[in-house]
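Here is a quick tour of a structure for anyone meeting it for the first time. Have a look at it, then read on.

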Protein chains: 2
Amino acid sequence: MKIGELSKKSGCSIQTIRYYEREGLLLNPNRSEGNFRLYDSKALKQLEFVKHCRSLDISLNDIKRLIELKNKPEESCSSVNALIDQQLALVNKRMKELRALKAELQQMASACGSDNTIEACGIIKSLDS
Amino acid sequence: MKIGELSKKSGCSIQTIRYYEREGLLLNPNRSEGNFRLYDSKALKQLEFVKHCRSLDISLNDIKRLIELKNKPEESCSSVNALIDQQLALVNKRMKELRALKAELQQMASACGSDNTIEACGIIKSLDS
DNA sequence: ATAGATCCTATAGTAACTATAGAGTCAAAT
DNA sequence: ATTTGACTCTATAGTTACTATAGGATCTAT
């Protein structure tokens, strides 16, 4: 299949696919006579792996490491484990930040009487302090 | 005061201060004879306003809008309100995403028996599906 | 006078894409 | 046989909010 079909099947945009290739996350595909990229179902699977990792917010760099690890099936999976743990730590950290954020934003929203002037607005006041 | 002192007092890096100025978030400061930026305490307050907004993850563009609104003290604050509500919606959306993320990552982490080969690793398996 | 700290501008790099320009290729209809 | 339209190619620039660097200029203290 050509890149357009791969794009539809994977849900990744054409540009993103080419970008992943440039970044070394996908193998260089065979080319047709007219230099079009030609993919098989294995390539689709690779792309889906990348997409799944991205949906977990794993960085392209870490995905690259995971792909390398996948290609060493006999080694210990402790590095895979570590990577996932680290990803979890990131997510937890960001969630904590967002909880604090949310609390302050909610407080600000409630500090605004409905029909104030900007001058009297509790929101602007709290941003100023 | 010069930019180094403003940087220390505000906790923003010198480059960030200059960047905010370029982006129109800070007024162009007076300059010394040797072309050094000179700030007063009002400038520090402006910068602190920006910093506080950034700590709430408000985008530079939205901060610009807030600054414009601040300069129209007699108008209604409904746009300020809307902006904060929108920011809250963003935060809520991201939190929801992160909760889903966390759940999947945790499941993956628990799918890995401690001493597997990569080939047998539950994490890689679940990323492959 | 000079050394060191601080400042200046302009430019490039970061992450993970997205968008565009300008050209080439291919399949189908005329 | 040609032309239209859809698709593809590469290379480059833009996005967000900064950070880092190069190559100078300026100021302060000795």
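What follows covers the ground rules, the DNA contacts, and then how the protein chains meet.

**Ground rules**

This is a predicted model, so to speak of a local feature here takes pLDDT of at least 70, side-chain atom pairs count only at pLDDT 80 or more, and totals for chains, interfaces and linings use all residues. Residues are numbered from 1 along each chain as its sequence is written, chains are lettered from A and ligands numbered from 1 in the order in which they are written, and side-chain values use heavy atoms, with hydrogens and water left out.

**DNA strand C**

Let's start with DNA strand C, which has 19 residues around it. A residue counts as near a strand if one of its heavy atoms lies within 4 Å of it. Those that come nearest are T16(A), R54(A), G4(B), R18(B) and R37(B). Which part of the DNA does the protein meet here, sugar or phosphate, or bases? Of the strand C atoms within 4 Å of the protein, 81% belong to sugar or phosphate, and the rest to bases.

The surface near strand C draws on α2 (14-22) of chain A plus α1 (3-10) and α2 (14-22) of chain B, each supplying at least two residues. (Helices are DSSP runs of H or I with at least four residues, strands are runs of E with at least two, and both are numbered from the N terminus.) The largest share, four residues, comes from α2(A). By class, this surface has seven nonpolar, seven polar and five charged residues. For that sorting, Ala, Val, Leu, Ile, Met, Phe, Trp, Tyr, Cys and Pro are nonpolar, Asp, Glu, Lys and Arg are charged, and the others, Gly among them, are polar.

**DNA strand D**

DNA strand D is also surrounded by 19 residues, and the closest are G4(A), R18(A), R37(A), T16(B) and R54(B). Of the strand D atoms within 4 Å of the protein, 80% belong to sugar or phosphate, with bases making up the rest. The residues near strand D divide into seven nonpolar, seven polar and five charged. Which helix gives the most to this surface? That is α2(B), with four residues.

Here are some of the phosphate contacts on both strands.

| Protein atom | DNA partner | Distance |
|---|---|---|
| T16(A), polar side-chain atom | phosphate oxygen, strand C | 2.5 Å |
| R54(A), polar side-chain atom | phosphate oxygen, strand C | 2.6 Å |
| G4(B), polar backbone atom | phosphate oxygen, strand C | 2.7 Å |
| R37(A), polar backbone atom | phosphate oxygen, strand D | 2.7 Å |
| Y20(B), polar side-chain atom | phosphate oxygen, strand D | 2.9 Å |
| G34(B), backbone N or O atom | phosphate oxygen, strand D | 3.1 Å |

**How the chains pair up**

Now for the two protein chains. Chain B can be laid on chain A by a turn of 180° and a shift of 0.0 Å along the axis, with an RMSD of 0.1 Å. (The copies are superposed by least squares on the C-alpha atoms of residues with pLDDT of at least 70 in both.) That is the relation of a two-fold axis. In chain B, the C-alpha nearest that axis belongs to M95(B), 3.2 Å away.

How many residues of chain B are in contact with chain A? There are 47, meeting 47 residues of chain A, where contact means heavy atoms within 4.5 Å. The copies meet through the same surface, because 100% of the interface residues of chain B are also interface residues in chain A.

Together the two chains bury about 4,300 Å², with 72% of it on carbon and sulfur atoms. Buried area is the accessible area (1.4 Å probe) that two parts lose on being put together, summed over both. In chain B, L105(B), I118(B) and L127(B) lose the most area to chain A, together 16% of what that side buries.

There is a polar side to this interface as well: 18 residue pairs are in polar contact between chain B and chain A, both residues at pLDDT 80 or more. A polar contact is a pair of N or O atoms within 3.5 Å; within protein, one must be able to donate a hydrogen and the other to accept it, and residues adjacent in sequence count only if both atoms are side-chain atoms. On the side of chain B that touches chain A, α3 (41-55), α4 (60-70), α5 (78-110) and α6 (122-128) each supply at least two residues. The largest share, 19 residues, comes from α5(B). That side divides into 23 nonpolar, 12 polar and 12 charged residues.

**Salt bridges**

A salt bridge here is a side-chain nitrogen of Lys or Arg within 4 Å of a carboxyl oxygen of Asp or Glu. Four of them cross the interface of chain B and chain A. In one salt bridge, the side chains of K70(B) and D128(A) meet at 2.8 Å, N to O. Over all chains, the whole structure has 16 salt bridges. The side chains of R31(A) and E21(A) also form one, at 3.9 Å, N to O. This pair links distant parts of the chain, with R31(A) in strand β1 (residues 30-31) and E21(A) in helix α2 of chain A, 10 residues apart.
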